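Subject: the model we talked about

Hi,

Here is the structure I promised to pass on. Have a look at it first, and then read my notes underneath.

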Amino acid sequence: MKKMRVRFAPSPTGPLHLGSLRTALYNYLLAKKHQGDFILRIEDTDQDRIVPGSEDYIIEALNWCGLTPNESPYNFGNYGPYRQSERKPLYDVYIRQLIDKGHAYYAFDALERINTLREKRKNKGEVFSYNEKTRLQMDNSLSMTSQELSHRLQQGQPYVIRFKTNTINECFILHDEVRGKLQINTKTLEDKILVKSDGMPTYHLANVIDDHLMKITHVIRGEEWLSSLPLHILLYKALGWEIPCFAHLPLIFKPEGKGKLSKRDGERIGFPVFPLSWKDRLGCREKGYFPEAFINIIALLGWNPGGEQEIFSLSELIDKFSLQRVSKSGARFDKEKAKWINQQYLRKKPIEELISLFHKELEKHQIISTDEYLRKIIEAVKERANFISEIWDHSYYFFESTNQYDVKSIKKVEPMKNIFLLKKITQPLSKLHHFDASTLKKTFEDLIQKKQLCFSKMMLQMRLALVGTLQGTDIFFIMEMIGKEETLKRVYRFMFFLIQ
RNA sequence: GGCCCAUUCGUCUAUAGGUUAGGACAUCAGGUUUUCAUUCUGAAAAGAGGGGUUCGAUUCCCCUAUGGGCUACCA
């Protein structure tokens, strides 16, 4: 059996987004499932559109997700180079071959002429297409003598090379791993440009040649390529090559509105469309998504193994993945579910890892603490956090004193009555030697029983005093953690605030 | 306009002709926790429409509608 080889072939025109990363993931999963190779190839045939830094970004993003390629521009296998811009000599060989065999031809038409032709037809409600019907009226090697052709080539006139679409077999059937059979009518195809006037091949040609030369067995890419598939198949046939398996993945749509998710959708949807930050746009990593969770999220966008399990490790994904279970229709991204998945991972993380991550989070607030202190706090609040940063949101009051109070909440709990409540507790608290949660709880209970007070009102007051809002963890735990001195300080400060 | 693809709860999806159409997120309502969360229980919520094929269609076929993709010397 032939070894499975798949490739992820992004063009370095900016950061990767969710959709491309999912394509990379599915490629990776399929390869690993079959002990195959996962190759990264950089498709930089359009030199004008290259954005500096994007290649590094691609590598780093794959790395962060744990999708390490077996072969890449930085990790050569036997089929390099892995950047298309460096493979030009290879392409030239096959371009020659296509021309010699009559599968491609030179076209000298000025862009302006084609554009005006298009305009004219459009005004008539028709469409101009460069194909079997029109090619002989155009300025190309099919409509001129060989002498004229060589003359013009010698003169150095600019030209492109077009594919001569063979329409002898009017219809043929394609097979797509996720969509099944597709019927194609060659009459509707155009003579696409294979080589641009700068001598570089277009995507279509480079892609086919590279996939063949790199011994790619399965081409897994986005649905936007489905309409070019017939051209690609015809190219394989023209070159006399074996056709690989194709799988076209459904698109990922914007969370609201229409159309496929684009790089510009980032902040509008409130979820980063990028795995890592790009310039001033926050990435999922920076937003606090764990790479395992991120992988899990995108894996489920357009695929599921059929059961009711929703949380999968990378190795489980590898084990369960199959192209047959990729859905045909586009998926809309749901950021709430994404959060939930991240939360599931946060809950499962070993405490040691959470401590270390939280140390880093605290650095942002210039806070240094001990592992032991953090351990207790994380255990207490981790259930309510989706991200590490939210652990901070739910625990800041353990690290800094409150001096701001939520006015609405204060009104709700009748302030003047409650100064009286707070006053009652300060005495017993200051007398305590053991300031731990259970002793504290007992102290409160005793007082409440003795003075016939309301437990819940007392608690709300304490909460406001210690946290500033009606949020927060168990009050007795908070007191234990911040200690007697700080507790009393906060209570007095709150009373003072109320009197004012 | 042409070509192509898709269409199950708000969202992601299960169901490979026979199910009370299942689950998850989100939503809502209750219960537990004499404070905050966690948590538990429950509810509402779907096969785009119309024709076939069939004893029987969400499932197969056709038409329409809707959405999407492509239609560049971009990938």
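One definition before anything else: I call a residue buried if 20 or more other C-beta atoms lie within 10 Å of its own, and exposed if 12 or fewer do. Keep in mind too that this is a predicted model. Chain A averages a pLDDT of 92, with 98% of the residues at 70 or above. The scores for the model are ipTM 0.94 and pTM 0.93.

Let me start with helix α3, since the burial cut-off is needed there. Its buried residues are Y91, Y94 and L98. They cover an arc of only 70° around the axis, so they sit on the same side of α3. That fits the usual helix arithmetic: an α-helix has 3.6 residues a turn, so residues three or four places apart point the same way. The face turned away from the buried side of α3 carries P89, V93, R96 and D100, which are exposed. The cover over the buried residues of α3 includes β3, α6 (203-213) and α7 (229-239). The length of α3 checks out as well: 13 residues at 1.5 Å a residue should span 18 Å, and the end C-alpha atoms are 18 Å apart, which agrees. Just after α3 comes G102, with a positive phi of about 80°.

Now for the sheet that goes with this helix. It is an open sheet of 3 strands in the order β3-β4-β7, with antiparallel pairing. Its edge strands, each pairing on one side only, are β3 (104-107) and β7 (193-195). From one strand to the next, the twist averages 45°. Helix α3 (residues 88-100) packs on this sheet and touches β3, β4 and β7, and its direction makes about 95° with that of β3. As for the pairing, β3 and β4 (residues 160-163) run antiparallel over 4 bridges. If you want a register point, Y106 stands opposite I161 in β4.

There is another antiparallel pair to look at, β5 (residues 171-176) with β6 (residues 180-185), over 6 bridges. A hairpin of 3 residues joins β5 to β6. Here C171 stands opposite N185 in β6.

Further along the chain, what does the buried side of α12 consist of? The buried residues of α12 are L354, L357 and F358. Seen down the axis of α12, these buried residues fall within an arc of 105°, so they line one face of the helix. They pack against α13 (371-381) and α14 (388-393). On the other side of α12, the exposed residues are E352, S356, K360 and E363. Helix α12 (residues 351-363) has 13 residues and reaches 18 Å from its first C-alpha to its last, close to the 18 Å expected at 1.5 Å a residue.

Last, a loop residue. N78 lies in the loop between α2 (54-65) and α3. Is N78 buried or exposed? N78 counts as exposed, because it has 7 C-beta neighbours inside 10 Å. In sequence N78 and E414 are 336 residues apart, and their C-alpha atoms are 77 Å apart in space.

That's what I have for now.

Cheers

Terms used
Residues numbered from 1 in each chain as written. Chains lettered and ligands numbered in written order. Predicted model: local features only at pLDDT ≥ 70, side-chain atom pairs only at ≥ 80, totals over all residues. pLDDT = per-residue confidence, 0-100. Pairing = 2+ DSSP bridges. Helix = DSSP H or I, 4+ residues; strand = E, 2+ residues; numbered from the N terminus. Axes fitted to C-alpha atoms, helices over the stretch in contact; angles between N-to-C directions. Contact = placed C-beta atoms within 7 Å. Expected span 1.5 Å × (residues − 1). Arc of directions from axis to C-beta.
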